[in-house]
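Student: Please take a close look at the charged side chains. Which of them pair up, and where do they sit?

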Amino acid sequence: MQTALEQILKGRRSQPHQVIEVLHDIQDSFGYIPEEAMRTVSKELGVPLIEVYRVASFYKAFKLTKQGKYLITICMGTACHVRGAKLLMDQAATQLGLKPNDVSDDGLFSYQHVNCLGACALGPIVTVNGTYYHHMNPAKLRRLIKSLKQAEEGSKNEEN
Ligand code: FES
């Protein structure tokens, strides 16, 4: 991690106005912003750690925890919940063998729940890396996850 951070901070030390750009580069490099990286940014840019955290936690584009290549987000807001969103959480847990916010061993999958994705009339809603899937049910989610796995295996086979 330190080498990548060194590269990102090159030419930006002691420049507090660079904090958002630096956090963007860290997000791009690691897929999230590790706490250790926030501490380094604070020290090297001369920005209080609380301010680095405030910026990192304010913008939705920044993730503070590690996540899989495919982040599955299941809406558990009221409208989706009454249409069976809990069954989608159960499906994801069973099919992926993970708890919410865990990352699969291969680094491909994680899932989380949120309170509303802003498309209540079309619920239950699931997103994968920001792409919306509406009127979801466990069978549709199972096929979606299966298709993501197959796409990954296909791209692996093309590489070999
Ligand atoms: S409650 Fe699910 S999109 Fe609003």
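Tutor: Start with the surface. Accessible areas come from the Shrake-Rupley method with a 1.4 Å probe, and for residues only the protein chains shown count as cover. The chain exposes about 9400 Å². Carbon and sulfur atoms supply 52% of that area.

This is a predicted model, where local features need pLDDT of at least 70 and side-chain atom pairs count only at pLDDT 80 or more, while totals for chains, interfaces and linings use all residues. Residues are numbered from 1 along each chain as its sequence is written, and side-chain values use heavy atoms, with hydrogens and water left out.

Now the frame. The chain has 7 helices and 4 strands (DSSP runs numbered from the N terminus: H or I of at least four residues for helices, E of at least two for strands). From the N terminus, the order is α-α-α-α-β-α-α-β-β-β-α. The C-alpha trace spans about 50 × 45 × 20 Å along its principal axes. Of the 160 residues in the chain, 37% are buried (under 20% relative accessible area; exposed is over 50%, partly exposed in between; 1.4 Å probe, protein chains only). Take contacts (heavy atoms within 4.5 Å) with a separation of 6 or more: residues 24 or more positions apart account for 61% of them.

Next, the charges. The chain carries 19 positive and 16 negative charges (Lys and Arg against Asp and Glu; His and chain ends not counted). Their mean positions are 8 Å apart, with each charge placed at NZ of Lys, CZ of Arg, CG of Asp or CD of Glu.

Side chains of opposite charge can pair when their charged atoms come close. Here there are 7 salt bridges (a side-chain nitrogen of Lys or Arg within 4 Å of a carboxyl oxygen of Asp or Glu).

Take D25 and R12. Their closest N and O atoms are 2.7 Å apart. D25 belongs to helix α2 (residues 19-30) and R12 to the loop between α1 (2-9) and α2, so this bridge ties together parts 13 residues apart in sequence. R12 is buried, at 17% relative accessible area. D25 is partly exposed, at 28%.

R13 pairs with E44, again at 2.7 Å from N to O. This bridge links distant parts of the chain: R13 sits in the loop between α1 and α2, E44 in helix α3 (residues 35-45), 31 residues away. R13 is partly exposed, at 32% relative accessibility.

E35 and R39 form another bridge, with closest N and O atoms 2.7 Å apart. Both lie in helix α3, 4 residues apart, so about one helical turn separates them. R39 is partly exposed, with 46% relative accessible area. Shared partners also join E6, R13 and E44 into one salt-bridge network.

Some charges cluster without a bridge. K140, R142, R143 and K146 form a positive surface patch (residues with over 30% relative accessible area and no salt bridge; like charges joined within 9 Å, nonpolar Val, Leu, Ile, Met, Phe, Trp or Tyr side chains within 5 Å). R142 lies in helix α7 (residues 138-159). At 37% relative accessibility, R142 is partly exposed.

R142 has a contact to follow. Leaving aside residues up to four places away in sequence, Q91 touches P138, L141 and R142. Q91 belongs to helix α6 (residues 85-96). Q91 is buried, at 17% relative accessible area.
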